[in-house]
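The following exercises are to be worked through with the sequence and the model in view. Each task is followed by a solution in steps.

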Amino acid sequence: MSDQTQEQGTSQPRRVVVVGAGMAGVQTAVALREQGFTGTVTMIGAEPHQPYDRPPLSKAVLLGKAEGSAFDVDFEALGLELRLGCEALALRPDAHVLDTSAGPVPYDVLVLATGAEPVRLPGTEGVPGVHLLRTLDDAERLRPVLAEQHDIVVVGAGWIGAEFATAARGAGCAVTVVEAADRPLAGALPAEVAAPMTAWYADSGTELRTRARVERVEPGAVILDDGTRLPAGAVVVGIGARPATAWLAGSGIALGEHGDVLADDHLRTSAPQVYAVGDCASFPSRRYGERLMIHHWDNALQGPRTVAANIVGPGPAVYDPVPYFWSEQFGRFVQYAGHHRHADTTLWRGDPTGPAWTVCWLREGRLVALLAVGRPRDLAQGRRLIESGTPMDAGLLTDPSRPLKAATA
């Protein structure tokens, strides 16, 4: 921070360059202004579109109920420079230069907010009718597919697969979801928690095929490894995402095994005056005792405030959030807060075969995570209890009629 402090005392305005014009990038730029930064702020966005929010893409935008989801931000009034349709190509930290498709961009402070990119299904490059759902262009390409009520095969029963299947069923499409694991959300939730969600597919008229691997995709069909041929007017792939950081190769920026930028607890990278935030980064959590990589909207909303605070000073601000996300699927509102990996106790509130229930994870008597289905009050109160580390009474906690905040020890 010393270099930045010295520059604040000079007449030369400091230059902050933000790579990425999604939620994390936009919120970083806005937070800088909110926290009093008066230097130049330049945002580099690879897409030509005005910066937009992603969650509506799998909902209102996909179904044609909204034309777009542009952020309600007056970039001009805030003095934020947008360079859209400009791709980051390389980084030279020693020279403080970002190389882009429009030429080199010098910076004093750089913020990496390039997000994540969807994992592609091997062997589907160039096959007609195969879609991803990550960008506004992806959603616009899929809208007519839903409108024409094609038979659709969704590969992957994760969060995005379930949300797309929900939208497709709502549009009147016949939908088959193919999942290689033995259950939905296998990478996100324990088997006993994901099990009740399996019934949601059948209830909505969606066919779910688990332990099913895709052998190949042909025009008009998906072939499984057991020889089953599924008719498919369109195929939507939702098998995960990875940090969009390949362009950093050779930069000296330290990356993790998944390609994530290894940020510290102040969201600083291994290079001086370079920060990383949102889906492209991981950070060490003191709260959970491990490094977290969170590909969810709330992380892209909260992290930028820490980055801005550390750039503006006097800092340093520590980033250690209670992770949070939500999903709307098959007529249910699902919310999750915390991190359950190291929990030693799992408790249920309510009947998981019913419309509203909550799973609570505890460690040494304290709430560390919860999943709430149709119980937003549980989520709101539980999130605060996780933050405070308040000891819980397990007997009171399992009574769904009792508010969570009244189930403390």
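**Exercise 1. Strand pairing**

How many bridges join strand β1 (residues 15-19) to β7, and do the strands run parallel or antiparallel?

*Solution.* The model under study is a predicted one.

Step 1. Strands β1 and β7 are joined by four bridges and run parallel.

Step 2. Within this pairing, Val17 has Leu110 of β7 as its bridge partner.

Step 3. Strand β7 also pairs with strand β19 (residues 274-276): three bridges join them, and the two run parallel. Here Leu110 stands opposite Val274.

Step 4. The faces of β7 (residues 109-112) may now be examined. Val109 and Val111 lie on one side, Leu110 and Leu112 on the other, and all are buried, which leaves both faces covered.

**Exercise 2. The length and surroundings of a helix**

Determine what span helix α6 (residues 297-312) should have at 1.5 Å a residue, and compare that span with the model.

*Solution.*

Step 1. The expected span is 1.5 Å times one less than the number of residues. For the 16 residues of α6 this rule gives 22 Å.

Step 2. In the model, the end C-alpha atoms of α6 are 24 Å apart, which agrees with the expectation.

Step 3. Of the 16 residues of α6, 13 are buried, so the helix is largely enclosed by the rest of the structure.

Step 4. After the helix comes Gly313, which has a positive phi near 85°. Helix α5 is likewise followed by a glycine with positive phi, Gly205, at about 85°.

**Exercise 3. Salt bridges and exposure**

Which salt bridge do Arg349 and Asp378 form, and are these residues buried or exposed?

*Solution.*

Step 1. Side chains of opposite charge can pair when their charged atoms come close. The cut-off for a salt bridge is a nitrogen to oxygen distance within 4 Å.

Step 2. The side chains of Arg349 and Asp378 meet at 3.0 Å, N to O, in a salt bridge. This pair links distant parts of the chain, since Arg349 belongs to strand β24 and Asp378 to helix α7, 29 residues apart.

Step 3. Arg349 and Asp378 are both buried.

Step 4. A second salt bridge may be set beside this one: Arg54 pairs with Glu47, their closest N and O atoms being 3.7 Å apart. Arg54 is partly exposed, with a relative accessible area of 32%, and Glu47 is partly exposed at 22%.

Step 5. The count of salt bridges comes to 18.

Conventions
Residues numbered from 1 in each chain as written. Predicted model: local features only at pLDDT ≥ 70, side-chain atom pairs only at ≥ 80, totals over all residues. Heavy atoms only, no water. Buried < 20%, exposed > 50% of the residue type's maximum accessible area, 1.4 Å probe, protein only. Pairing = 2+ DSSP bridges.
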